[in-house]
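User: I am new to reading pockets and cavities. Can you walk me through them on an example?
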Amino acid sequence: MSLHLKTRPIEPLQIARELAAQFAETAVERDARGGTPKAERDSIRASGLLSLIIPTQYGGLGASWNETFEVVREFARVDSSIAHVFGFQHLMLATVRLFASPAQWEPWLELTARKNWFWGNALNPLDTRTVMKKFDNWYEFSGKKSFCSGATDSEMLIASAVDETAGGKLVIAAIPTGRTGITLHGDWDNIGQRQTDSGSATFERVRVEHAELLLDPGPLSTPFACLRPLIAQLLFANMFLGIAEGAFAEARQYTLKESRPWFRSSARSSGEDPYILRHYGDFWVGLESSRVLIQRAVDQLDEAWRKEHALTAEERAQLALAIGTAKVAASRNALDICNRLFEVTGARATHASLRFDRFWRNLRTQSLHDPVDYRIHELGDWALNGTRPTPSFYS
């Protein structure tokens, strides 16, 4: 399919569905192989969807976060690795929008829309091994960084370092991925999210210009800038819901077409078995509750995004609570569905060629990067003590 979409109005969700249908054809094989999904990334480049969240005045599609997360979920139903790097594309664009000055982010957004740039992640605030040194009018990043999702085959990187001369202050920059001194190691070989290229990177005296540092207003400096971690949390919630919806769809098709009632069952088909029906009822309640909570949170995010610098700390706190609630529900319900899908499909569904386990593996891998226990603790502190969440890169 040839996609030349930047020259005419497009419907992003329809394009995403067409791409997802293509990705589904090879998702099982690519999950086993791991590595970089180069052909699939290039299809997304050609689709124009990399500029989905970029306003139209900068050449983008001007989508809302609601529309953007709909596309993330569409991809996650068939391939959560692609959903991950696609979602991170828009998280990285939000990062420069929130942390940088208009003189910086406006050209970056225009170039991204015009050249179909992929943005990768080398911002891991818990990994402080990369250090910044300051020279007369430029800087150097040196050290290592882990969990660099989407960095391979990207044109730009959001990278972080610590300024040891300023007490270990976190410094963030937007730099070309191909700059001298940056090495991406391709060492991601985990049980899930196997095509996110979330391996490590090394920075060897990488030159960073002052205009590439995101200093004005800087990380987490205002209520509006503090939307960045909330966008990340809501991205993951939508990914989890998409994975669960994909697992549900695969299990349902298998149950109706392949499964047989247990020999002690009085049902004529698996679709009439009372235990199987109970499982599917539980699945449906989990999916529907996650959808409602996520939709409420996305609507609040879009409202907060429109307010920009008029956003108050109280409004940001209420959004954090809505997103935290949605993420906990999505995590729990998705893990339950991805674990129990074999109870409605049977022993033959464990055949390696089906790789139904990929849904659980992908979800389990991603959900561990931000422990649900601490999100529940945060919500409990609000519910009992009225303590609002404190902004950080994880809340």
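User: How do the residues lining the largest pocket divide into nonpolar, polar and charged?

Analyst: Start with the chemistry of the wall. This is a predicted model. The lining of its largest pocket has 14 nonpolar, 14 polar and six charged residues.

User: How many residues line the largest pocket, and which lie nearest its centre?

Analyst: Go from the wall to the middle. The lining counts 34 residues. Nearest the centre are Phe 236, His 369, Asp 370, Phe 393 and Tyr 394. The space inside comes to about 660 Å³.

User: Which helix gives the most to that lining?

Analyst: Helix α10 does, with five residues. At least two residues each come from α4 (80-99), α6 (227-257) and α10 (372-385).

User: Now the enclosed spaces. How many cavities of 30 Å³ or more does a search of the whole structure find?

Analyst: A cavity is a space where the probe fits but cannot get out. The search finds two of 30 Å³ or more. The largest has a volume of about 140 Å³. It is lined by 15 residues, and closest to its centre are Asp 31, Val 78, Asp 79, Ser 80 and Asn 362.

User: What classes of residue line the largest cavity?

Analyst: Its lining has five nonpolar, four polar and six charged residues. Helices α1 (12-33), α4 and α9 each supply at least two residues of that lining.

User: Which residues line the second largest cavity?

Analyst: Its volume is about 40 Å³. The lining consists of Leu 230, Gln 233, Ala 320, Ile 323, Gly 324, Arg 375, Glu 378 and Ser 395. Two or more of these come from each of α6, α8 (313-340) and α10. Helix α8 gives the most, three residues. By class, three are nonpolar, three polar and two charged.

User: Let me try one residue. Is Arg 361 buried or exposed?

Analyst: Compare its relative accessible area with the cut-off. Buried means under 20%. Arg 361 has 10%, so it is buried. This residue sits in helix α9 (residues 357-367).

User: What lies 2.5 Å from a polar atom of the Arg 361 side chain?

Analyst: Look for polar partners. The backbone oxygen of Ile 191 is at that distance. The Arg 361 side chain also makes a polar contact of 2.6 Å with the side chain of Asp 31. Asp 31 is also among the residues closest to the centre of the largest cavity.

User: Which residues does Arg 361 touch, leaving out those up to four places away in sequence?

Analyst: Asp 31, Ile 191, Gly 192, Arg 194 and Arg 355.

Conventions. Residues numbered from 1 in each chain as written. Predicted model: local features only at pLDDT ≥ 70, side-chain atom pairs only at ≥ 80, totals over all residues. Heavy atoms only, no water. 1 Å grid on protein atoms, 1.4 Å probe; cavity = no way out; pocket = protein on both sides within 12 Å on 5 of 7 lines; lining within 4 Å. Points joined across faces, edges and corners; volume = space filled by probe spheres on them. Helix = DSSP H or I, 4+ residues; strand = E, 2+ residues; numbered from the N terminus. Nonpolar A, V, L, I, M, F, W, Y, C, P; charged D, E, K, R; others polar. Buried < 20%, exposed > 50% of the residue type's maximum accessible area, 1.4 Å probe, protein only. Polar contact = N/O pair within 3.5 Å; in protein donor to acceptor, adjacent residues only side chain to side chain. Contact = heavy atoms within 4.5 Å.
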